[in-house]
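Visitor: I would like to know how the labels given to charged residues are justified. Please go through them step by step.

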Amino acid sequence: VDSYDVTVEEDLGEIQLIKIEKRKYWYQDDWYLKYVTVKTPLGDYLEFPCYRWITDEKEIVLRDGRAKLPRDDKTQILKQHRRKELENRQKMYRWKEWHPGFPLSIDAHSHSELPRDIQFDNEKGIDFVLNYSKAMENLYINRFMHMFQSSWSDFADFEKIFVRISNTISEYVMQHWKEDFMFGYQFLNGCNPVLIRRCTEIPKKLPVTMDMVECSLERNLTLEEEVKQGNIFIVDYELLDGVDANKTDPCTIQYLAAPICLLYKNLENKIVPIAIQLGQKPGPENPIFLPSDATYDWLLAKIWVRSSDFHIHQTVTHLLRTHLVSEVFSIAMFRQLPAVHPLFKLLVPHMRFTIAINTKAREQLICECGLFDKANATGGGGHVQMVQKAMKDLTYSSLCFPDEIKAKGMDSKEDIPYYYYRDDGIKVWEAIKSFAEDVIHIYYETDEVVCEDVELQAFVKDIYMYGMRGVKAAGFPKMIKTREKLAEYLTVIIFTTSAQHAAVNFGQYDWCSWIPNAPPTMRCPPPTQKGTVTIEQIVESLPDRGRSCWHLGAVWALSQFQDNELFLGMYPDEHFVEKPVKEAMAKFRKNLDEIVSTITERNKSKKLPYYYLSPDRIPNSVAV
């Protein structure tokens with residue numbers, strides 16, 4: 001890092017803009033400029049933030065760091081600068097449909113085609129093929145990575161590739177994965193804690209009778225009464241019904257199921273499974289499995305649910321609802337908000353590397369013949385069908401954290417005391433919302449100012465039209481008319497790109513590294529009758545050695561923070577220069593520190609701590 005001083009003899013008058021240009025040398029000589037500080041003859045300091053790459057013979061024109069809305073610009077030169085910046089950005093950041101029905105993404109085939117400003121500093125660091133292979137090497141499992149079709153001999157055999165790190169969640173999962181309490185706990189605090197909902201009536205497609213579940217109920221009530229009292233919960237994997245299983249390897253037939261799982265809150269307030277049906281259509285070929293069944297019948301039914309949960313987690317909860325949605329926010333921001341706009345300054349740290357990581361994923365991971373096809377039953381096109389089906393549930397209200405929890409009937413702390421994902425998520429949501437409100441109140445004196453901000457309205461419209469494909473039913477606003485609505489909207493964006501992604505990404509190694517707890521594929525069809533399952537059959541169904549290794553490499557690599565990670569509330573790039581915003585940031589950090597202390601205190605006594613939503617573990621943006 002170098003600093004340069006440039007002294008000017010004559011008086012330049014009031015400085016409106018600074019132009020920086022770089023001569024081109026015969027070798028590549030890109031220059032990353034952080035900022036320019038100007039000291040005036042009167043001794044005042046003016047900050048001109050840049051935080052961009054200057055490449056080739058391009059010139060960059062900078063305005064000083066004070067955030068301005070379009071209405072604040074009175075002179076022609078400033079209005080023109082603002083317009084020109086957006087025109088250039090709209091040429092560089094173009095929308096493109098990657099698959100029909102998907103949210104639109106960036107128009108670039110590879111990472112190297114992206115604008116320099118949003119590329120990773122070091123492309124090697126995010127090479128998935130390299131990282132997964134390196135992960136397998138670090139985990140000492142690369143000797144198995146080519147052993148496709150070769151089954152493990154029993155559950156204990158999976159330990160050959162399991163890195164035992166004592167006192168960790170992954171070790172606890174390995175020891176307790178067969179237990180019903182552990183199975184139920186993951187719906188609340190595992191890496192996919194978003195599916196469970198309170199059951200208000202038993203669906204017709206799941207013909208559970210009182211006789212079947214009587215021995216699981218503890219309150220001397222009928223099943224209907226338990227439902228009325230709010231003690232029954234349900235997770236339905238209907239989305240997987242009709243999705244094609246991976247056919248990319250002719251030597252291994254792979255299978256998917258679309259189970260329905262009924263859960264019960266027992267007298268200890270623990271959530272445990274009481275009935276599992278492995279398909280959507282009831283009938284003699286689709287029995288309802290129960291805890292009272294033979295041990296291996298019940299265990300295999302639970303394994304099928306865990307495998308289905310893994311698929312929904314990877315493709316819907318993680319890929320669609322954090323990565324792809326964050327990319328939409330990111331592209332719209334670059335296209336419609338100039339660098340001088342306060343909302344650009346607010347949002348840009350939360351968009352860091354998101355377009356880059358998604359472009360890299362489309363290049364190597366989720367493309368045809370990508371790494372995703374290697375070990376996943378939804379590879380080879382199934383994951384594309386899943387995203388297309390899941391788009392109908394991608395609503396604005398489902399991204400508003402407290403609304404979504406409430407819609408699922410999961411909001412009562414008294415009723416469901418051990419739902420840490422909900423408790424921590426709401427705290428972080430409130431802290432972000434309070435910060436967004438503080439910033440909004442600095443720049444928007446009234447609701448009218450919000451309505452008149454043409455750049456903000458264009459940003460919102462871009463997200464609605466291109467990102468969410470103009471689907472009215474999705475409930476994304478077409479325009480924003482009040483400061484209150486704007487605060488919620490910005491909270492959705494910042495929460496999704498930071499906290500929501502952290503909650504569903506960084507627990508993958510903890511919960512998915514013990515393969516029987518999260519099989520990425522199944523090699524035998526779901527059982528169609530009871531009383532026939534053996535341990536051998538279960539091991540034959542579970543992934544082979546090769547697929548197990550690729551899966552392990554993936555969940556390890558995905559669970560790592562970046563080097564020099566920036567966590568929530570850390571804003572080293574000073575896009576904002578005004579004191580009131582600096583104060584709002586300090587207050588935000590103080591609120592986040594208090595949340596960290598509360599979570600640390602709660603976790604002290606826990607065998608299974610929940611820390612994914614602790615702000616000191618929430619990166620600012622989706623970058624892995």
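Guide: A residue is called buried when its relative accessible area is under 20%. The model shown here is predicted.

Visitor: Why is Glu226 called buried?

Guide: Glu226 has a relative accessible area of 0%. The cut-off is under 20%, so Glu226 counts as buried.

Visitor: What makes Glu226 and Arg219 a salt bridge?

Guide: A side-chain nitrogen of Lys or Arg must lie within 4 Å of a carboxyl oxygen of Asp or Glu. The closest N and O atoms of Glu226 and Arg219 are 3.7 Å apart, so the pair qualifies.

Visitor: Why is the pair of Asp415 and Arg198 called a salt bridge?

Guide: Their closest N and O atoms are 3.2 Å apart, and the limit is 4 Å, so the name applies. Asp415 lies in the loop between helix H13 and helix H14, and Arg198 in strand S7, so the pair ties together parts that are 217 residues apart in sequence.

Visitor: Why is Asp415 called partly exposed, and Arg198 buried?

Guide: Partly exposed covers the range between under 20% and over 50%. Asp415, at 28% relative accessibility, falls there. Arg198 is at 18% and counts as buried.

Visitor: How do you know that Asp424 and Arg602 form a salt bridge?

Guide: The closest N and O atoms are 2.7 Å apart, which is within 4 Å. This pair links distant parts of the chain, with Asp424 in helix H14 and Arg602 in helix H21, 178 residues apart. Both residues are buried.

Visitor: How many salt bridges does the structure hold?

Guide: The structure holds 38.

How values were computed:
Residues are numbered from 1 along each chain as its sequence is written. This is a predicted model: local features need pLDDT of at least 70, side-chain atom pairs count only at pLDDT 80 or more; totals for chains, interfaces and linings use all residues. Side-chain values use heavy atoms; hydrogens and water are left out. Helices (H or I, at least four residues) and strands (E, at least two) are DSSP runs, numbered from the N terminus. Buried means under 20% relative accessible area, exposed over 50%, partly exposed in between (1.4 Å probe, protein chains only).
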